[in-house]
Amino acid sequence: MKKILLGLLVIVIVAAGLFGFDRYTQHRATAGVEAVFEQVRAQGGKASHGPVSFDVLKRSLTITDMSLETATQPPIIVKAANVVAHGVRQSDAARFSAQSIDVNDIEVSAATEGKQPFKIAYKAPLVTLKDYSGLAGAPRPPASSSLFDLYRFGLDQIAAISAASITIPDMTGTVQVTPAFGDGAAGEFSYSGLAFENIKDGKISSSKISKVAFTFNSQAAGKPVKVTGSLADLVADDIDVGAMAGAFDPPKADDDREYRVYRHVAAGPYVITSSQGVNMRFDGITMDDVALRPSRMQLPKLMAVMTPSGGAPPTAAQAREMMERVAALYDGIRIGNYEMRGLSIETPQGPMKLASTRLDFVNGKIGEFAIEGFDGRGPQGPIKLGRFALKSVDVANLMRLTAQFAPQKAVPEQALALLPLIEGAEVKGLVAPYKATGKPVNIDVLSLDWGQFVGSIPSKLRLVAKLSGPLDRTDSAQQQLVAAGIDRMTIDADLGAVWTEASRAFALEPVRLDLGGLLNASARASLGNVPREAFALSSQSIAAASQIEAGPIELTLRDLGSVDLAVGAYARSHDVGRDEARRAMLDGIKAQSEALGGSNPEATALFGAISRFVETPGQTLVIKLTPRAKAPVQQLIELVRIDLQSALAQFKIEASTGL
């Protein structure tokens, strides 16, 4: 009996001790929570909460009816029905940890004033954090209610915590843009399936949003416009939150290092519908290796020089400053690869499809911008495009130069300064209507590349073109071809030119032209002693031009029907038969030979070869001209104008024909 009584006494004492300890820890928990809320009040904000409880055995802390409001104007307001932290521990006075935290019925609202005025609010029934660790005290509020201070505040809070995961099953929100931006606009949005994994040291291992949906209402020309949309499966890997914050942080203005903010981003499909009758969808989008340089990404400086909608137009100086800020922004961005796939747009004018858009972007330059698989409709009919690409586009410096031209019109020298900012363009597989003929123009390939700039003039060019199109009966230059029964022309060309500074030689090679069914031509030509100053846009180029010398020239022509075409045109224009027309043409060549050949047997042989080329269809004519001595180009041009016979005498002439 005594043992039973003693056991009961022990139980009562232990229970009383636990009850007393529970009350003690309850007091400490309440005091600790109140201390944090008092910090918010001490910073000028408002903070309140309901009952606070602490379960000793489960080490669970519960705060009810929580409300926080910063001192900034407008304030940031955070409310929650309750916050429950399980497995609470505090290894030191500075940090607070928990196995999990559930925040129920949370509401967050913020607003800005000034040049970016808007109001935004979020609501979520539940936010869950696993293996959480963060600062024990209240965070320092943002310096102001500006958009950038709000962004920096939010990013700084994420950078200060660690968690195995943060999940938000559902979240809704509203946004309102004030009338400072035209007629104003308002929207609603919702998120589902938000999940963030492995948050630590300002980095997030991965994030995912299953779906985003939104509705946006605005005004356009006094008429209401409603836009709805949805985006599915937005995922991102290896996110650096600290690097993002640098774009909004003035102290980072001297940090010129590059920080990767995303390793990989993917999303899609994305669907947008407008009440104006424009509907858009793309199947997917991906980006890889997105990086920023904080010194170039100073967004507050950019917004400080931007003029709000409805404000006075910027002066020329203000416009140049704004463009310089935007150019600096581009200088600080790197995107290893961007690709958008499966774009389709429905408009009142008709549908449009695009298979893909791709680019890479490094320090203000696009390595290549390409669109592929376009299918749409123009005013004259359907248009198809296999591929269009721009090569090496310096976007940042393009903006800088454009800003320098404003407000006056660019002079030719300034316009030429834009050439080095783009190094080539390419079109493949284009089919488009030709005027109102109902017949298409086909461009199999049209590629133009340039480079090796001397100042703003390229010293290397390459044009490759293969295209075909209908002939225009109303064009006097094409009427002879149409009269000969040719209603379509095919052109296949490959033209190149390059200057070599070491040898001071300028070569035209390759030069190849094929007029489908009529003529095949190829050539080689060169110039010698071409100085660097010849590419200058100044009086120096005139003086340098006098030093340039003619080099060897070789021309090969293969008749594929062009001679018969010329004979037929002559016959029609002179109302004679074809045989008589050919004889008349040969007589004309003979007369030229007698007038210009004279005592030069090589010139006579040249005209003889030309006669054989005209006399027998399908011939190949080869002409080679080799300077006998130094032949300044300027003097030759003048000599050709006044004395062609003497000009020909400057060259050794070889001419031949053969089937």
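This passage looks at a pocket, a strand residue and a helix in a predicted model.

The second largest pocket comes first. It holds about 250 Å³ of space, and 13 residues line it. Nearest the centre of this pocket sit Phe189, Tyr191, Val212, Phe214 and Tyr270. Three strands, β9 (185-200), β10 (203-220) and β11 (223-240), put at least two residues each into the lining. Sorted by class, that lining comes out as ten nonpolar, two polar and one charged residues.

Next up is Thr286, which belongs to strand β14 (residues 279-292). Its relative accessibility is 14%, and since anything under 20% counts as buried, Thr286 is put in the buried class. As for what surrounds Thr286, setting aside neighbours within four places in sequence leaves contacts with His264, Val265 and Ala266, and also with Asn337, Tyr338, Glu339 and Arg341.

That leaves helix α10, which covers residues 562-574. With 13 residues at 1.5 Å a residue, α10 should span 18 Å, and its end C-alpha atoms are indeed 18 Å apart, so the two values agree. Buried positions turn up from the start of the helix: Ser562, Val563, Leu565, Val567, Gly568, Ala569 and Ala571 are the ones in question. These buried residues pack against a mix of helices and strands, namely α8 (479-483), β24 (519-528), β25 (549-559), α11 (578-596) and α12 (601-615). Just after α10 comes Asp575, with a positive phi near 55 degrees.

Note on methods. Residues are numbered from 1 along each chain as its sequence is written. This is a predicted model: local features need pLDDT of at least 70, side-chain atom pairs count only at pLDDT 80 or more; totals for chains, interfaces and linings use all residues. Side-chain values use heavy atoms; hydrogens and water are left out. On a 1 Å grid over the protein atoms alone, a cavity is a set of points where a 1.4 Å probe fits but cannot get out, and a pocket is an open set with protein on both sides within 12 Å along at least five of seven lines; lining residues have an atom within 4 Å of a point. Grid points are joined across faces, edges and corners, and a volume is the space filled by probe spheres set on the points. Helices (H or I, at least four residues) and strands (E, at least two) are DSSP runs, numbered from the N terminus. Ala, Val, Leu, Ile, Met, Phe, Trp, Tyr, Cys and Pro count as nonpolar, Asp, Glu, Lys and Arg as charged, and the others, Gly among them, as polar. Buried means under 20% relative accessible area, exposed over 50%, partly exposed in between (1.4 Å probe, protein chains only). Contact means heavy atoms within 4.5 Å. The expected span of a helix is 1.5 Å times one less than its number of residues.
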